[in-house]
Each structure stands twice: as C-alpha cells, then as structure tokens.
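Biologist: I'd like to learn how to read a protein model, one feature at a time. Can we go through one together?

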Amino acid sequence: MSLIGGVEMSLLSLGDLINQYREKANITLSQLAELSGVSKTVLAKIEKGETKQPAFTTWKKLSGVLELPYPFIISSFIETADNP
C-alpha cells in the first residue's frame, strides 16, 4: 500500500486513479476535458474502465492538470502496455 500525491495506489485501476486525482483536484469531468484537451468521452471511458490503455499523449495531458507524478505515469503506461 502506497500513497502518491495523497492518493492510495494499491489495487487502483487506471480509471480509479484518474477519478481519485480528479476528485482530489475538485474538478468535474467536463472541466478536466477542457483543461487537458482530452475529450470528455475519452475521459469517461477511461474512468469506467472501458479504455484500459490510454495513449501516452493522453497520460501526459492529464498529468499536467491532475499533477500526477511523471515517473508514475511512465511506469503505469509501460505496465498497461505490457499487460493488456
């Protein structure tokens, strides 16, 4: 069990991770879409678990808005790419 940016990381899906960071930032899905340049539809699919391997460019966009630690983003991207 570990905390990154105040969010517990154990057993979180990518969608749960994005959702928790978004809620921590106190922004709506629509606001995140506007701030990140990632469509609300794509964000909703990630949070619902329908998109399990978001593009690295999507991760980069979200990381800036949600203040996700960059090393975590890289390791998460690699992990999801290795384990579809």
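Modeller: Sure, let's go through some helices, a core and a few loop residues. Keep in mind that this is a predicted model.

Biologist: Let's start with helices. Why would residues three or four places apart in a helix point the same way?

Modeller: The general idea is that an α-helix has 3.6 residues a turn, so residues at that spacing end up pointing the same way. Now try helix 2, which covers residues 29-36. Its buried residues are Leu29, Leu32, Ala33 and Ser36. They span an arc of only 100 degrees around the axis, so they sit on the same side of helix 2.

Biologist: And which exposed residues are on the face of helix 2 turned away from its buried side?

Modeller: Those are Glu34 and Leu35. As for the buried residues of helix 2, their cover includes helix 1 (14-24), helix 3 (40-48) and helix 4 (56-66).

Biologist: Let me try helix 1. Which of its residues are buried?

Modeller: Leu14, Gly15, Leu17, Ile18, Tyr21 and Arg22 are. Looking down the axis of helix 1, you'd find them within an arc of 160 degrees, so they line one face of the helix. Glu23 and Lys24 are exposed on the other side of helix 1.

Biologist: Arg22 caught my eye in that buried list. Why does Arg22 count as buried?

Modeller: The cut-off for buried is under 20% relative accessible area. Arg22 has 11% relative accessibility, so it counts as buried. Next, look at what its side chain reaches: the backbone oxygen of Ile27 is at 3.1 Å, and there's a polar contact of 2.7 Å with the side chain of Glu47.

Biologist: Where does Glu47 lie, and is Glu47 buried or exposed?

Modeller: Glu47 lies in helix 3, and at 17% relative accessibility it counts as buried. Leaving aside neighbours within four places in sequence, Glu47 contacts Gly15, Ile18, Asn19, Arg22 and Leu29.

Biologist: What about the core? How many residues does the largest nonpolar core have?

Modeller: It has 18 residues, and among those with the most contacts inside it are Ile18, Leu32, Leu43 and Leu62. Helix 1, helix 2, helix 3, helix 4 and helix 5 (70-82) each supply at least two residues of this core. Helix 1 gives the most, with four residues.

Biologist: Could we pick one core residue and follow its contacts? What does Leu62 touch, not counting residues up to four places away in sequence?

Modeller: Leu62 touches Ile18, Leu32, Ser36, Val38, Leu43, Glu67 and Leu68.

Biologist: Last feature: backbone angles. Which residue just after helix 2 takes a positive phi?

Modeller: That's Gly37, with a phi of about 80 degrees. You can also look for positive phi in residues other than glycine. Asn26, in the loop between helix 1 and helix 2, is a case of this, with phi near 60 degrees. Asn26 counts as exposed, at 67% relative accessibility.

Biologist: What phi does Glu67 have, given that it is not a glycine?

Modeller: Glu67 has a positive phi of about 60 degrees. Its place is in the loop between helix 4 and helix 5, and it is exposed, with a relative accessible area of 66%. Here's one to try on the model: find the C-alpha atoms of Arg22 and Glu67. These residues are 45 residues apart along the chain, yet the two atoms are separated by 9.7 Å.

Methods:
Residues numbered from 1 in each chain as written. Predicted model: local features only at pLDDT ≥ 70, side-chain atom pairs only at ≥ 80, totals over all residues. Heavy atoms only, no water. Buried < 20%, exposed > 50% of the residue type's maximum accessible area, 1.4 Å probe, protein only. Arc of directions from axis to C-beta. Contact = heavy atoms within 4.5 Å. Core = buried A, V, L, I, M, F, W, Y, C linked by side-chain atoms within 4.5 Å. Polar contact = N/O pair within 3.5 Å; in protein donor to acceptor, adjacent residues only side chain to side chain.
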